[in-house]
Structure formats: structure tokens, C-alpha cells
Amino acid sequence: MFIKNNHDVLFDTIIVGAGLSGLRTAMELINVHGVDRNRILIIEAQDYIGGRVRQADDFVPNGLIELGAEILHGEQTLLTQFAKEQGEEIKPIYCWAHGDGGPMEEPVDGAYGLYYMADSQRVLRFDTTDGDFQHLNKVLRELPLLHPDDIAAETSLLDFLAERHVTPEMLRLGRAGYANTSCANLDTLSLKQVVSFSRQWDTEGEGDGDFKYARTFKCLLDFFKQHLADRVLLSCPAQTVTRLPNQTVRVDARDGRVFHAKTIVVTSSIHVLQRPELLTFQPPLPAVYAQSIQHAVMQRAMKIFVRFSAPFWPVGLQGMIMAPPAEEASEVTSLFVPEVWFNALPCDAHAACYAHADPAQRGHPSPRCEHCSYYVTGFATSDFAGNLDDAFERDADVCDVLVKRLDRVVALFDESHWLSPQQHAAQLGQAPGGLHAGM
């Protein structure tokens with residue numbers, strides 16, 4: 001490491017946290033504000049760079065999986081701008097979650113989404129003519145047309161949807177497909193804030209569409225590591241930040257190391273800032289900041305990965321929203337994974353199976369190939385994630401909840417759930433009799 005003992009070094013800036021916020025801050029200071037890179041120190045509590053952006057290379061044999069951030073929302077964001085500047089390939093994906101602006105009306109390069117209704121035991125396609133489903137979509141798409149000044153502060157998104165006569169079953173789909181994306185519940189989402197965000201998204205040119213980095217978010221981490229790795233001190237959690245009488249800042253690390261700087265930028269998560277036993281400021285932060293921190297809410301989020309020996313889902317199915325049953329209808333309603341993403345990583349010999357120019361000609365390899373990888377990602381936030389996390393100590397039990405639900409859903413699939421009849425006919429008899437997960 002470039003530095004071991006810095007009691008006598010005065011940095012221009014110390015950045016607490018080597019997640020994307022901290023790394024981006026360092027690059028801005030260097031490239032935009034002209035700060036000498038050697039006068040910047042980034043201290044990170046974990047033993048790796050990236051924070052909540054991280055990949056695993058040991059779950060599937062022929063690819064990386066995203067443990068954290070995965071989807072690029074919008075075509076004109078800083079993340080997509082990075083791809084253009086660095087020549088990184090991004091792939092458009094079908095937007096299935098209502099919270100991301102879905103469902104899209106047309107497939108994206110043969111990819112599409114499905115919607116499972118636990119109450120009525122139905123699976124709807126993205127282009128279904130079901131009136132209740134279409135009404136939910138229509139009402140949600142009205143949000144940017146409203147004005148936040150016309151909305152009472154206490155009105156929730158649930159109030160708005162119920163007022164527009166969205167059916168109870170579709171309210172549960174809204175919870176799974178909109179609120180889950182927002183890491184909240186329909187009754188805790190402020191309609192005023194939802195409308196403000198929706199209008200901002202529409203007017204500030206984020207652009208439609210969802211994307212993924214072809215090389216995963218690792219391409220972004222590799223870029224930051226190339227430029228900043230020698231400025232990052234890992235396994236060094238900050239414990240106390242002190243403003244000294246000479247207006248410099250002293251940072252005491254938990255292991256006893258001490259650092260000094262002219263300024264400090266703290267990019268720690270809200271959970272760290274809310275716990276004085278983890279990070280303390282001396283003198284205390286101004287009351288307005290301290291109160292804002294304590295009132296901020298950051299809900300739990302969970303990604304669940306289950307590997308399968310063979311694909312059981314339609315070719316092209318990219319994601320599915322699963323609406324939970326009514327609470328009075330099931331004692332296990334609280335243990336539910338509302339969103340899943342389907343992933344096929346073919347070996348080199350079978351890459352062509354998924355790359356045909358005509359989506360109708362694509363198909364899973366037959367017979368089954370042991371060198372191809374297939375896995376499902378479950379995504380749960382807020383109460384969905386909290387209930388699962390609180391109920392089980394073993395990851396296997398959480399995976400079991402997802403597998404059992406998928407088993408019920410797959411039993412409902414018929415020809416209409418494939419993008420084309422040819423694909424349905426080609427896959428008949430290939431799927432396993434039940435879902436057998438590998439973890």
C-alpha cells in the first residue's frame with residue numbers, strides 16, 4: 001500500500017468510502033477541479049473497491065454475476081455516458097417492472113416479460129388485453145402528467161391507485177412491480193414525491209430504456225481501479241471525524257491510524273451515518289443535517305441467486321413480476337419474492353442458439369449442455385426483503401421460497417407465454433419435471 005502511517009501528512013481531501021460515489025468524487029476532484037491526485041486519500045472499511053457494486057466469479061463457471069447494481073436505467077445517464085466514452089458495449093433489455101416504466105409495449109430484440117397473479121393463478125403476457133392489467137398501466141403512466149403542487153403531502157401512491165379504481169389484485173401487482181422497484185410499499189410511497197420524480201425523469205432527458213453492461217459493472221470498477229487503486233486504503237473503517245481549531249480535519253480509523261486533510265467528503269451509507277457507534281462527528285453536525293440523516297429511510301434490498309441444471313423458462317423471457325396473494329388468503333404471504341430475472345449463459349459451442357437474427361429461431365440447446373449455465377435472480381426490497389431476512393438464517397431456505405413459487409408458476413405456462421409457437425414447440429419435453437436448484 002502506498003501509505004502506512006500518515007500522522008504527519010496533510011492531504012487536500014480525504015474521501016470516506018470507496019463505493020461509486022467516493023470513486024466518482026475523486027475523479028471529479030482530479031479532472032474537473034485540478035486537485036493533485038497524490039493529495040487525495042480514500043479510506044474504505046471493506047477489503048475491496050466498489051461498495052455495493054460487486055461481482056462473483058464462482059457461482060457459474062462461464063461468467064460473472066452481479067451481486068449488487070446490475071441494470072442501467074435510462075439511455076442518457078452518467079453510466080451510459082461512461083460506456084460511450086470508454087467504448088464499452090451496453091445491451092438493451094426489456095423493461096418489465098412498472099417502477100422502471102414497464103411493461104414495454106414491444107419486445108426488445110426478442111426479449112419480453114410476464115406477470116403472475118397469485119390470487120387468480122394466472123400468468124399474463126406483457127401484451128395481454130386483460131382490462132384490469134391495462135388499466136393499472138394506464139393509471140401509472142398518468143403520474144408525470146400530474147403536478148406535485150396539486151397533491152396533498154399525506155396522499156400515498158396506494159390512495160391514488162385506489163381512487164382510480166385499480167382492482168385489489170392489480171394493487172398487489174403494483175406493490176410487486178412498482179413499489180418493490182422503489183424499495184417501498186404502495187402505502188408508504190408519497191404520491192407527491194413519486195410525481196416529482198416521474199416528471200423529472202420525463203423532462204430532464206434520462207431517456208427511455210433499460211440496459212446492461214456487456215462486461216458487467218466490472219468494466220466500471222476496472223476503470224476506477226486503473227486510475228485510483230493506489231489512492232485507496234482498504235480495511236480502514238473511519239470511526240471519528242474531528243474538525244480541528246485550525247479548520248483542518250482529523251480522521252481517526254478504528255484500528256488507531258490517524259489522517260489529516262484540509263477537507264473531507266463522507267460517502268458512507270445512511271445506515272453508517274445513523275449509528276454514532278460506527279461514525280462520530282466532532283463537533284456534532286449542525287442540527288438540520290443531523291435531523292435529516294436520522295429521518296432518512298433506506299430500506300433493505302435482497303438479490304437471490306439460484307442455479308439450475310436446465311432452463312425451464314421460455315426463450316426470450318427476461319423478467320417476471322409476481323403479485324403476492326391477498327393477506328387473508330395465505331399465511332405465507334409475507335414470505336414472497338416479487339420479481340425474478342432469467343439468465344442463460346451459453347458455452348461457446350451454443351452461443352449461436354441465442355444469437356440468431358430472427359428471435360423466433362432462437363432456442364435453448366438441445367440436448368442439455370453441462371457447459372451452459374442457467375440461473376434465476378430473485379429481487380426483493382422493503383418488507384419483502386425484510387420478512388425473508390427475518391424469517392430464515394440459512395440462505396438455502398430463502399432460495400427454497402423462490403424455487404417453490406417458480407414451480408407453481410411454471411405449471412401455468414402454456415403456448416401463449418412463449419414469444420412464438422415455434423419456440424414453445426421446440427422446448428416441449430426439455431424442461432425438467434420439477435425445479436431442482438443448485439446453489
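Angles under 35 degrees between helix axes count as roughly parallel, over 145 as roughly antiparallel, 65 to 115 as roughly perpendicular, and the rest as oblique. In this predicted model, helix H1 (residues 20-31) packs against helix H7 (residues 218-228) at an angle of about 50 degrees. That value falls in none of the named ranges, so H1 and H7 are oblique to each other. Their axes lie 11 Å apart, and the crossing is left-handed. On the H1 side, the residues that meet H7 are Leu20, Leu23, Arg24, Ala26, Met27 and Ile30. H7 answers with Leu220, Leu221, Phe223, Phe224, His227 and Leu228. Sorted by class, this contact comes out as ten nonpolar residues, one polar and one charged.

Turning to the sheets, one of them is open and built from seven strands, in the order E10-E2-E1-E13-E12-E11-E14. Pairing within this sheet is mixed. Strand E10 (232-233) and strand E14 (280-282) take the edge positions. Each has a single partner strand, so one side of E10 and one side of E14 are left without a neighbour in the sheet. Further in, strand E1 (residues 10-16) and strand E2 (residues 40-43) run parallel and are joined by four bridges. Within this pair, Val16 stands opposite Ile43 of E2.

Another open sheet has three strands, arranged E5-E9-E6, and here the pairing is antiparallel. Strand E5 (72-73) and E6 are the edge strands, each pairing on one side only. E5 is held to E9 by two bridges in the antiparallel sense, with His73 partnered by Asp210 in E9. This sheet also has a helix lying over it: H2 (residues 78-86) goes across E5, E6 and E9. Relative to E9, H2 runs at about 50 degrees.

Next come a few backbone oddities. Most residues other than glycine have a negative phi, and most peptide bonds are trans. Two residues go against the phi part of that pattern. His165 is not a glycine, yet has a positive phi of about 65 degrees. His165 sits in the loop between helix H4 (157-163) and helix H5 (168-179). With a relative accessible area of 66%, His165 is over the 50% cut-off and therefore counts as exposed. Thr216, again not a glycine, also has a positive phi of about 65 degrees. Its loop is the one between strand E9 (210-213) and H7, so Thr216 lies between a strand of the antiparallel sheet and a helix of the oblique pair. Thr216 has a relative accessible area of 12%, which is under the 20% cut-off, and so Thr216 is buried.

The peptide bonds supply two further exceptions, both of them leading into a proline. The bond from Gly102 to Pro103 is cis, with omega near 0 degrees. Pro103 belongs to the loop between strand E6 (90-93) and strand E7 (112-117), and E6 is one of the edge strands of the three-stranded sheet. The bond from Ser366 to Pro367 is likewise cis, its omega near 0 degrees. Pro367 is placed in the loop between strand E17 (339-345) and strand E18 (373-381).

Key: Residues numbered from 1 in each chain as written. Predicted model: local features only at pLDDT ≥ 70, side-chain atom pairs only at ≥ 80, totals over all residues. Heavy atoms only, no water. Axes fitted to C-alpha atoms, helices over the stretch in contact; angles between N-to-C directions. Left-handed = near helix turned anticlockwise from the far one by under 90°. Contact = heavy atoms within 4.5 Å. Nonpolar A, V, L, I, M, F, W, Y, C, P; charged D, E, K, R; others polar. Buried < 20%, exposed > 50% of the residue type's maximum accessible area, 1.4 Å probe, protein only. Pairing = 2+ DSSP bridges.
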